[in-house]
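Reader: Could you take me through one part of this model at close range? I would like to hear about the salt bridges and the residues around them, in one connected account.

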Amino acid sequence: MPLSLVPQIRVNRVFDLSPDFLHSRGITLLLLDLDNTLAPYSGKDPSPGLCRWRDDMRAAGVELFIVSNTKTSRAARFSKEWGVPYIDKAQKPHRWAIYEALRQMGRPRGEAALVGDQIFTDVLGANLAGVRSIIVEPLELNNILYILRYIAEIPMRLCTRKEKRL
Ligand SMILES: [Mg+2]
């Protein structure tokens, strides 16, 4: 699989992904990063909007699965609250957790996409694993390290045109 840091799809937020768009691309499983993709690092619970989006996806036959690098109990708690399965300590860009999520959900990699806010973990991991890579903007940049990392990612982000709503 390609060692590429370029995302295949770029949007602002997960909400910008619609079931119709995913269907048109043959995507039936969304693997989702947690921190700064679904919720800010400081956010403990899924927002009402995120619950509505989950319901819309499920109604359209798109399954959701959290693949998080967090080493804390945060993913377990969020997963329980949101009612979506998870793997934590995923070590993205390593591929094992992505493959394990595909195995648990019984989907081939061609039907999956990974959505995340970071190039060097989420996009690289998705591209290495052979699932579609979708980058979103980080929900909050309130730490100098996050800001510097984001600046380093800008060239790769700009390789893909940002879509308003898909
Ligand atoms: Mg993240």
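Author: Happy to! Let's start with a pair in helix 6: Arg157 is buried, and so is Glu153. Please keep in mind that this is a predicted model. The side chains of these two residues, Arg157 and Glu153, meet in a salt bridge, with 2.9 Å from N to O. Both lie in helix 6, four residues apart, which is about one turn of the helix.

Arg157 has another partner as well. It forms a salt bridge with Glu137, where the closest N and O atoms are 3.6 Å apart. Here the two ends sit in separate parts of the chain: Arg157 belongs to helix 6 (residues 144–158), while Glu137 is in the loop between strand 6 (132–135) and helix 6, so the pair ties together parts that are 20 residues apart in sequence. How buried are these two? Arg157 has a relative accessibility of 1%, so it counts as buried, given that the cut-off for buried is under 20%. Glu137, with a relative accessible area of 10%, is buried too.

These pairs belong to a wider group: a network of salt bridges links Glu137, Glu153, Arg157 and Lys162.

Now to another salt bridge, elsewhere in the chain. Asp122 pairs with Lys92, and their closest N and O atoms are 2.8 Å apart. Asp122 lies in helix 5 (residues 119–129) and Lys92 in the loop between strand 4 (86–87) and helix 4 (96–105), so this pair ties together parts that are 30 residues apart in sequence. Asp122 and Lys92 are both buried. For the model as a whole, the count comes to 11 salt bridges.

One more residue is worth a visit, this time for its other contacts. Glu163 is found in the segment after helix 6. Its relative accessibility is 25%, so Glu163 counts as partly exposed. The side chain of Glu163 makes a polar contact with the side chain of Arg161, at 3.4 Å. Leaving aside residues up to four places away in sequence, Glu163 touches Arg10, Val11 and Asn12. Take Asn12 from that list: Glu163 and Asn12 are 151 residues apart in sequence, yet their C-alpha atoms are 7.7 Å apart in space.

If you have the structure open, you could begin at Arg157, with its salt bridges to Glu153 and Glu137, and then turn to Glu163, which touches Arg10, Val11 and Asn12.

Notes. Residues numbered from 1 in each chain as written. Predicted model: local features only at pLDDT ≥ 70, side-chain atom pairs only at ≥ 80, totals over all residues. Heavy atoms only, no water. Salt bridge = Lys/Arg side-chain N within 4 Å of Asp/Glu carboxyl O. Buried < 20%, exposed > 50% of the residue type's maximum accessible area, 1.4 Å probe, protein only. Contact = heavy atoms within 4.5 Å. Polar contact = N/O pair within 3.5 Å; in protein donor to acceptor, adjacent residues only side chain to side chain.
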